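Colleague: Before I use this model, I would like to go through the terms that describe it and hear what each of them rests on. Could you show me the sequence and the structure?

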Amino acid sequence: MEIVTGGRVVLGERQPGDPALPLELQDALREWAAFAVSVMRSGGPPELELLQRRGRQLASRVADLLGRPVEFTNPITGEVESIHVGSTGPIPRLPPEPAGPTPWATGLTVAAFFAVLVAFGDIVLSRAFADAFGLLWVPANLLVGLGLAPSLYLLRNTPFWRWPAIGGATGLGVAWLVLLLGLLG
């Protein structure tokens with residue numbers, strides 16, 4: 001696999017039984033060749049290193065697809081190296097970050113703030129709706145609660161956003177309690 005004049009990638013000898021390259025791999029090779037032409041004109045060391053690394057990755061993908069080693073010609077140095085099947089291996093994954101301590105004081109403060117905000121907002125809007133339309137505030141408020149429920153449920157395990165979700169759910173519950181007590185008294 002090498003770049004020839006005109007910015008084309010030549011894969012070398014095709015052997016009988018070699019499968020056709022997928023379109024996305026062909027596009028990646030063309031993109032790499034265009035990048036190589038521009039980098040070799042005016043690229044700095046980081047770009048040249050990126051060009052070499054990406055070329056080796058693409059050569060490895062071609063070798064995996066063909067099931068045999070592929071010769072990779074480094075476009076910068078001209079060195080030829082054999083890229084074997086599976087030579088790059090899987091991309092290493094970072095170990096999961098260990099969970100830190102739960103910030104209860106900060107979290108409960110955020111939850112309390114959102115509980116007050118949601119409760120106050122729901123009560124004020126429901127009272128205004130009740131003044132204008134009577135008991136239609138009940139189904140309207142029910143729709144608001146049912147509309148927010150899936151979002152609040154999905155946020156329950158997200159590290160920061162669990163606290164506003166807990167506060168929002170609590171605020172809606174308190175608002176419903178206040179509004180229903182307001183109907184009785």
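**Terms set against values**

Modeller: Arg56 and Glu81 form a salt bridge, in which the closest N and O atoms lie 3.0 Å apart. The pair joins distant parts of the chain, since Arg56 belongs to helix H2 and Glu81 to strand S4, with their positions 25 residues apart. The model is a predicted one, in which local features need pLDDT of at least 70 and side-chain atom pairs count only at pLDDT 80 or more, whereas totals for chains, interfaces and linings use all residues. Residues are numbered from 1 along each chain as its sequence is written, and side-chain values use heavy atoms, with hydrogens and water left out.

Colleague: Why is the pair Arg56 and Glu81 called a salt bridge?

Modeller: The term requires a side-chain nitrogen of Lys or Arg within 4 Å of a carboxyl oxygen of Asp or Glu. For Arg56 and Glu81 the closest N and O atoms are 3.0 Å apart, and the pair therefore meets the rule.

Colleague: How many salt bridges does this rule give?

Modeller: The count comes to three. Another is formed by the side chains of Glu24 and Arg61, at 2.5 Å from N to O. This pair also links distant parts of the chain, with Glu24 in helix H1 (residues 23–42), Arg61 in helix H2 (residues 45–66), and 37 residues of separation. The side chains of Asp27 and Arg30 meet in a salt bridge too, again given as 2.5 Å from N to O. Because Asp27 and Arg30 are three residues apart in helix H1, about one helical turn separates them.

Colleague: What makes Arg56 count as buried, partly exposed or exposed?

Modeller: Buried means under 20% relative accessible area and exposed means over 50%, with partly exposed in between (1.4 Å probe, protein chains only). Arg56 has 28% relative accessibility, so it counts as partly exposed. Its partner Glu81, at 25%, is partly exposed as well. The value for Glu24 is 48%, which makes it partly exposed, and Arg61 is partly exposed at 31%. Asp27, at 41%, likewise counts as partly exposed.

Colleague: How do you know whether Ile83 is buried or exposed?

Modeller: Ile83 has a relative accessible area of 6%, and because buried means under the stated limit, Ile83 is buried. It is found in strand S4 (residues 80–83). Leaving aside neighbours within four places in sequence, Ile83 is in contact (heavy atoms within 4.5 Å) with Arg56, Ala59, Ser60, Ala63, Pro69, Val70 and Phe72. The C-alpha atoms of Ile83 and Pro69, 14 residues apart along the chain, are separated by 5.4 Å.

Colleague: Why is Asn141 called buried?

Modeller: Its relative accessible area is 2%, and so Asn141 falls in the buried class. Asn141 lies in helix H4 (residues 137–154) and, not counting residues up to four places away in sequence, touches Asp122, Ser126, Trp176 and Leu179.

Colleague: What makes a set of residues a nonpolar core?

Modeller: Its members are buried Ala, Val, Leu, Ile, Met, Phe, Trp, Tyr and Cys residues, joined through side-chain atoms within 4.5 Å. The largest such core has 16 residues, and those with the most contacts inside it are Leu25, Leu29, Leu58 and Val62. H1, H2 and strand S3 (70–73) are the elements that give two or more residues to this core. Leaving aside neighbours within four places in sequence, Leu25 is in contact with Leu58, Arg61, Val62 and Leu65. A second, separate core of five residues includes Ile123, Trp137, Ala175 and Leu179.

Colleague: Which elements of the protein chain have the lowest and the highest mean pLDDT?

Modeller: On this scale of the predictor's confidence in each residue, from 0 to 100, strand S1 (residues 2–4) has the lowest mean of the elements, 57, and H3 the highest, 95. The chain as a whole has a mean pLDDT of 83, and 87% of its residues reach 70 or more. The elements are DSSP runs numbered from the N terminus (helices H or I, at least four residues; strands E, at least two), and they come to five helices and four strands.
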